[in-house]
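User: I would like to go through this model with you, starting with its open spaces. Could you take my questions as they come?

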Amino acid sequence: MRIRPRASLGRILDDLGTTVLDVAASPGDLDAEVTGVHIYDPLDELIVPEGAMVLAVGVQGAADVCALLARVPHAAGVVVKLPVDVDERVRAAVLETGVAVLGLTRAASWAQVAALVRSLLAEGDLAEPGEGAHGDLFALANAVCALLDAPVTIEDRSSRVLAFSGRQEEADQGRVETVLGRQVPERYLRLLDEQGAFKRLYQSREPVYIELHDGSVINRVAVAVRAGDEILGSIWAAVHEPLTGQRQRALADAAKVVALRLLHERAGADTQRRLRADLLSTVLAGGADAAEAAGRLGIATARLCVLAAELTGAPGDTASGHAADYAADHARSESERQRFCDALALHVAAIHPKAAAALAGSVAYAVLPLTPGGGEEERAVRVAESFLARVGPRHAANVGVGRLALNLAQVARSRADADRALRVLRTRGASGQAAGYTAVHFESLLLQVADVAAAEEQAPTGPYQRLLEHDAEHGTELAATLGAYLDAFGDVNLAAARVHVHPNTFRYRLKRLTEIGGLDLSDPDARLTVQLQMRIFGRQH
């Protein structure tokens, strides 16, 4: 079995370059393993996993830096916005804790650097540079940079940055923003589109020189990356003048190599996704193979909660009813669910490097390892709420969270809990909500009792049955009147307002239903019995 390389602090700094991060104070080498990104919030509980890169939002001044270093002695590094106030106290604290202090360029946002580091961690988790697609892409970008003597980015069809070379500080502000955001800024996309740059790029099989006619930016040379007739992406170099013929050929040849790596990445990503999905399904099901699967996922000894996430928007209906239309609609729905699951996987991986997610039917499941400290289920719910807030504009969804599993034997129970919490939200007609099983425990039990009653073909009995029969025979609404009365805790005025009748009319109906149903509303057991039947069998009409 090949041992995957550690995502060390030094390796991340080499990939990002001094355009983004620089070392302000170091304990020596930068070989510390980075396991994830943690955004520091002085108002939140500070639980930082070992090896985390701590983004110190709002921290400035030597005293504040020293205080934070003392609180995160197991972190890989602390990132502070430039300029960093480094004095003898800071240097001493860095040597004592072994935690490096890094300076972040003022032009970068915390969200950008968090996304950058998380993407690099995800890339490094797949394979070693030279063995996997992402590592090769960064190496290729640097090789093309050396051939062209110009900073290079490799981008996908949507102008998202897949890899970039060093020397980006030699380019313009637009390139710096592109690298920081891993996406070409919208204003530059509009500029390129207005000049017909993309049309020229995708119609040509040779590199094209693009003059941007903007005094603030350097011109570009770009080549499309193709696999046959399919365009996979493009390579962009920031240049001051057109390339020589030799460098044109070198860039065209590099595009062919990049195409192979992107195809390899696509196949590898699909294989990796299927493998993780199979392993996670095995863990969630429990049984003899769960321990081995958990070991391969790296969660065999973790305390974790299971999250069950489901899109609330129904798949689109096809108007024609043709089989081809149905198949296309089904494919779109499957693709949407997979993108949703990928977003969940990325979100939980940012919380813990060993978190995993996979799609099972219409539900995306995630296992989230949690550090000890109490309130694990509540913390997992907050993670779910944060995820829903982030994907809300694109995906309407609900998330159920299971109870904490202290060992592998309890993982299946946590999954069942998450499924039940998700069902409660679905039954409520909720959207964009997260719920822990503990918070919806009783509602879930009532749904389970309703399942048993339906399976055994049971029906309402006693006063509730008599009221339903009378309503059905005479067209009255006595059952609804009773429900409104119980919901209002016996407040006649409130109950009457809810069913839009006069209080005197409501009192009359209340008197009639007690006579017809034989119900003593002063008896708490009688009230409980009829309330439970309403919940179990529904408020039938």
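User: Which element gives the most to the lining of the second largest pocket?
Analyst: Helix α12 does, with 5 residues. Please keep in mind that this is a predicted model.

User: What is the volume of that second largest pocket?
Analyst: The volume of the second largest pocket is about 790 Å³. Its lining comprises 24 residues, and those closest to the centre are His 38, Asp 44, Ile 47, Ile 351 and Val 383.

User: Which elements give two or more residues to the lining of that pocket?
Analyst: They are β2, α11 (323–351) and α12 (376–391).

User: And how do the lining residues of the second largest pocket divide by class?
Analyst: The lining of this pocket has 11 nonpolar, 6 polar and 7 charged residues.

User: Now the enclosed space. How many cavities of 30 Å³ or more does the structure hold?
Analyst: It holds 1 such cavity, with a volume of about 160 Å³. There are 14 lining residues, and Thr 178, Val 184, Tyr 188, Leu 192 and Arg 220 are the closest to the centre of the cavity.

User: Which elements contribute two or more residues there, and what is the class division?
Analyst: The elements are α6 (173–181) and α7 (186–194). By class, the cavity lining consists of 8 nonpolar, 3 polar and 3 charged residues.

User: Back to β2, since it lines the pocket. Where does β2 stand in its sheet?
Analyst: The sheet is open and has 5 strands in the order β1-β5-β4-β3-β2, with mixed pairing. Strands β1 (21–25) and β2 (36–39) are at the edges with a single partner strand each, so one side of each has no neighbour in the sheet. On average, neighbouring strands of this sheet are turned by 30 degrees against each other, direction ignored.

User: In which sense do β2 and β3 pair, parallel or antiparallel?
Analyst: Strand β2 pairs with β3 (residues 52–55) in the parallel sense, over 4 bridges. One of the residues concerned is Val 37, whose bridge partner in β3 is Met 53.

User: Which helix packs on that sheet?
Analyst: Helix α2 (residues 62–71) packs on it and touches β3, β4 (77–81) and β5 (100–104). The direction of α2 makes about 155 degrees with that of β4.

User: What is the strand order of the sheet that contains β12 and β15?
Analyst: That open sheet also has mixed pairing, and its 5 strands run in the order β12-β13-β11-β14-β15. The edges are taken by β12 (356–360) and β15 (434–436); each has a single partner strand, so one side of each is left without a neighbour in the sheet. From one strand to the next, the twist averages 20 degrees.

User: How many bridges join β14 and β15?
Analyst: Strand β14 (residues 397–401) and β15 pair in the parallel sense over 3 bridges. Val 399 has Ala 434 of β15 as its bridge partner.

User: Which strands does α13 lie across?
Analyst: Helix α13 (residues 411–428) lies across β11 (304–311), β13 (363–369), β14 and β15, and runs at about 35 degrees to β11.

User: Last topic: at what angle do α14 and α19 pack?
Analyst: Helix α14 (residues 441–455) and helix α19 (residues 524–537) pack at about 75 degrees, with their axes 8 Å apart. This angle makes α14 roughly perpendicular to α19.

User: Which residues make the contact?
Analyst: From α14 they are Phe 442, Glu 443, Leu 446, Val 449, Ala 450 and Ala 453; from α19 they are Leu 532, Arg 535, Ile 536 and Phe 537. By class, the contact of α14 with α19 has 8 nonpolar, no polar and 2 charged residues.

Terms used
Residues are numbered from 1 along each chain as its sequence is written. This is a predicted model: local features need pLDDT of at least 70, side-chain atom pairs count only at pLDDT 80 or more; totals for chains, interfaces and linings use all residues. Side-chain values use heavy atoms; hydrogens and water are left out. On a 1 Å grid over the protein atoms alone, a cavity is a set of points where a 1.4 Å probe fits but cannot get out, and a pocket is an open set with protein on both sides within 12 Å along at least five of seven lines; lining residues have an atom within 4 Å of a point. Grid points are joined across faces, edges and corners, and a volume is the space filled by probe spheres set on the points. Ala, Val, Leu, Ile, Met, Phe, Trp, Tyr, Cys and Pro count as nonpolar, Asp, Glu, Lys and Arg as charged, and the others, Gly among them, as polar. Two strands pair if DSSP finds at least two bridges between them. Axes are lines fitted to C-alpha atoms, for helices over the stretch in contact, and angles run from 0 to 180 degrees between N-to-C directions. Contact means heavy atoms within 4.5 Å. Angles under 35 degrees count as roughly parallel, over 145 as roughly antiparallel, 65 to 115 as roughly perpendicular and the rest as oblique.
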